[in-house]
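Reader: Please take a close look at one part of this model, the metal site, and then set that site in the context of the rest of the chain. I would like a careful account that keeps to what can be computed from the atoms.

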Amino acid sequence: MSTVLDEVLSANAEYSKSFGDKTNLALPPARRFAILTCMDARLDPAKYAGLREGDAHVIRNAGGRASDDAIRSLVISYKLLGTREWFVIHHTECGMEFFTDEVMRDLLEKSLETAELGAGGFHDVGQGPGSQEGRFIDWLTIRDAKQAVVEDVARIRRHPLVPKTIPVYGYIYDVKSGRLLEIEEATRAGRAETARSVRADDVRIKAPETQLSI
Ligand SMILES: [Zn+2]
């Protein structure tokens, strides 16, 4: 058995011994919110956002990007499981800032083995053959950290399957301090339509009928 496999299974055996009341947790997240964040090993959403089992949905991918698949999960999160607020949380020093689509595609074309990160970026140290399949994937790399949060929040906000009533907050987690830093432009872009503005729309729509009946 690999060391990691052994460690994971023994940690799990310990965890399940004190599972207690968690056996009764409901399927929908109790605190009705979801977080989209990066898979970076330094980030632990349960700790940085104060989550316990059953509290919230956490969707993770490389960069915490609003990919089609992340949006698929978010839509399921509210449509079937009732979340009402969403966070997009990227972080400082994200690995997605250290390469471009072209770099990734070239690396994969040369070798499937793990590349190394040096002063000049990632470079291959392994053997070929590689594959050209990487050319068909949008790797959703990040050029500007703040702008990426704004783009992802805005993409979620604009998505036709996302109701206007769900606020989407944009943050960057600082890997040096553990703090969440708000990206105000993102949060502004992700603002929900308030109940008041929805009512105002209703009034505008109904107004001509009222006039006709008079
Ligand atoms: Zn990252």
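Author: Helices and strands are here DSSP runs, of at least four residues for a helix (H or I) and at least two for a strand (E), numbered from the N terminus. On that basis the chain of this predicted model comes to seven helices and seven strands, and from the N terminus on its elements run α-β-α-β-α-β-α-β-β-α-β-β-α-α.

The metal site itself consists of a zinc ion coordinated by Cys38 through SG, His91 through NE2 and Cys94 through SG, at 2.0 to 2.3 Å. Along the chain these donors follow the spacing C-x52-H-x2-C. The site links distant parts of the chain, since cysteine 38 belongs to strand 1 (residues 33-38) and histidine 91 to strand 3 (residues 85-91), 53 residues apart. Cysteine 38 has a relative accessibility of 4% and therefore counts as buried, and histidine 91, with a relative accessible area of 2%, is buried as well; the cut-off behind both statements is a value under 20%.

Glutamate 93 lies in the loop between strand 3 and helix 4 (101-110), and its partner, lysine 176, lies in the loop between strand 6 (168-173) and strand 7 (180-182), 83 residues apart. The two form a salt bridge in which the closest N and O atoms are 3.6 Å apart. Glutamate 93 counts as partly exposed because its relative accessibility is 35%, whereas lysine 176, with a relative accessible area of 66%, is exposed.

That salt bridge belongs to a total of 15 in the structure. Side chains of opposite charge can pair when their charged atoms come close. A buried example is the salt bridge between the side chains of aspartate 152 and arginine 65, with an N to O distance of 2.7 Å. This pair also links distant parts of the chain, 87 residues apart, with aspartate 152 in helix 5 (residues 145-158) and arginine 65 in the loop between strand 2 (57-61) and helix 3 (68-79). Aspartate 152 has a relative accessible area of 5% and so is buried, and arginine 65 is buried at 6%.

Helix 4 takes part in a further link, in which glutamate 109 of that helix is paired with arginine 135 in the loop between strand 5 (121-123) and helix 5, 26 residues apart. Their salt bridge brings the closest N and O atoms to 2.6 Å. Both residues are partly exposed, glutamate 109 at 30% relative accessibility and arginine 135 at 31%. They are also members of a network of salt bridges that links Asp101, Glu102, Arg105, Asp106, Glu109 and Arg135.

As for the chain as a whole, a compact globule of 214 residues would have a radius of gyration near 17 Å, but this chain has 22 Å, and its C-alpha atoms fill a box of roughly 80 × 50 × 35 Å along the principal axes. Of the 214 residues, 33% count as buried. Links across the sequence are also found in the contacts, for among those between residues at least 6 apart in sequence, 61% join residues at least 24 apart.

Key
Residues are numbered from 1 along each chain as its sequence is written. This is a predicted model: local features need pLDDT of at least 70, side-chain atom pairs count only at pLDDT 80 or more; totals for chains, interfaces and linings use all residues. Side-chain values use heavy atoms; hydrogens and water are left out. Donors are N, O and S atoms within 2.8 Å of the metal (3.2 Å for Na, K and Ca); water is not among the atoms, so sites may look incomplete. Buried means under 20% relative accessible area, exposed over 50%, partly exposed in between (1.4 Å probe, protein chains only). The radius of gyration is taken over C-alpha atoms; the globule rule is 2.2 Å times the number of residues to the power 0.38. Contact means heavy atoms within 4.5 Å. A salt bridge is a side-chain nitrogen of Lys or Arg within 4 Å of a carboxyl oxygen of Asp or Glu.
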